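Me: I would like to work through the side-chain pairings and the packing of the structure shown below. Please define each term when it comes up.

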Amino acid sequence: MTAEVLKYTREQVEALELAPGTEHERLEGWVPALAGDQDLCQALEKAFDYRGDVTLTLKSGERIEAFIFNRHTGATLTESFVQYFTPTAPEKRKVGYAEIARLEFSGKDRAAGKHWEDWVKAYNEKKAAGEKNIALHPTSWSKNEVSFRLTL
């Protein structure tokens with residue numbers, strides 16, 4: 001590190017922070033009340049940011065377990081849609097907002113409790129203990145999830 005960086009304490013640097021860090025909502029298991037169009041749009045926006053699967057119940061009664069990876073918000077619900085993957089189909093699919101009757105945050109939030117600071121702490125502890133070849137490796141990989149583990 002440069003001498004300029006080292007002359008400040010951590011507390012001084014944190015006191016200069018102007019924007020707070022992002023605090024993620026705990027959405028796992030949540031079933032939002034969809035009383036109106038605005039409620040549906042807000043819930044689907046959260047589903048887009050969610051790092052797990054959701055279950056969509058369509059007005060036809062069909063239930064879809066999906067990972068939402070994209071959305072298009074048009075002027076009306078009819079012009080709006082989400083794109084998703086399902087565990088059973090390899091291709092991308094989409095469904096219109098106007099077709100959705102219910103939304104459940106049914107899947108595990110894959111990023112909950114996994115913070116960069118936690119990984120760095122574990123890495124530093126292993127390094128201090130003299131371990132070599134420490135790295136971050138994927139433990140599983142699919143279109144719906146990626147998780148990592150700290151290995152030797």
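Reply: A salt bridge is a side-chain nitrogen of Lys or Arg within 4 Å of a carboxyl oxygen of Asp or Glu. The model is predicted, so local features need pLDDT of at least 70 and side-chain atom pairs count only at pLDDT 80 or more, whereas totals for chains, interfaces and linings use all residues. Residues are numbered from 1 along each chain as its sequence is written, and side-chain values use heavy atoms, with hydrogens and water left out. On that footing, a search of the whole structure gives a number of salt bridges equal to five.

Me: R93 forms a salt bridge with which residue?
Reply: Side chains of opposite charge can pair when their charged atoms come close. For R93, the closest N and O atoms of the bridge are 2.9 Å apart. R93 is partly exposed at 36% relative accessible area (buried means under 20%, exposed over 50% and partly exposed in between, with a 1.4 Å probe and protein chains only). The partner, partly exposed at 39%, is E91.

Me: Which residue meets R71 in a salt bridge?
Reply: R71 is in strand β2, and its partner is in helix α3, 26 residues apart (helices, H or I of at least four residues, and strands, E of at least two, are DSSP runs numbered from the N terminus). R71 is partly exposed, at 27% relative accessibility; its charged end also sits over the ring of F48, 3.7 Å from the centre, a call that requires NZ of Lys or CZ of Arg within 6 Å of the ring centre and within 35 degrees of the ring normal. The side chain that meets R71, at 2.6 Å from N to O, is that of E45.

Me: How many residues apart in sequence are the parts tied together by E104 and R63?
Reply: The side chains of E104 and R63 meet in a salt bridge at 2.9 Å, N to O, and E104 is buried, with a relative accessible area of 13%. Because E104 lies in strand β5 and R63 in strand β2, the pair ties together parts whose separation in residues is 41.

Me: Is the ring pair of W30 and F105 stacked or edge-to-face?
Reply: Rings of Phe, Tyr and Trp (its six-membered ring) pair if their centres lie within 6.5 Å; planes under 30 degrees apart count as stacked, over 60 as edge-to-face and the rest as tilted. The structure holds three such aromatic pairs. With the ring centres of W30 and F105 5.3 Å apart and their planes at 25 degrees, the pair is therefore stacked.

Me: Which residue joins W30 and F105 in one aromatic cluster?
Reply: F105 is buried at 0% relative accessibility. The further partner of F105 lies in the loop between α3 and β1 (54–58), with ring centres 5.1 Å apart and planes at 90 degrees, so that pair is edge-to-face. This residue, buried as F105 is, is Y50.

Me: Which element gives the most residues to the largest nonpolar core?
Reply: A nonpolar core is a set of buried Ala, Val, Leu, Ile, Met, Phe, Trp, Tyr and Cys residues joined through side-chain atoms within 4.5 Å. The largest has 20 residues, and those with the most contacts (heavy atoms within 4.5 Å) inside it are L44, V54, L56 and L103. The elements that give two or more residues are α3, β1, β2 (63–72), β3 (81–86) and β5. Among them, the one giving the most, with four residues, is α3.
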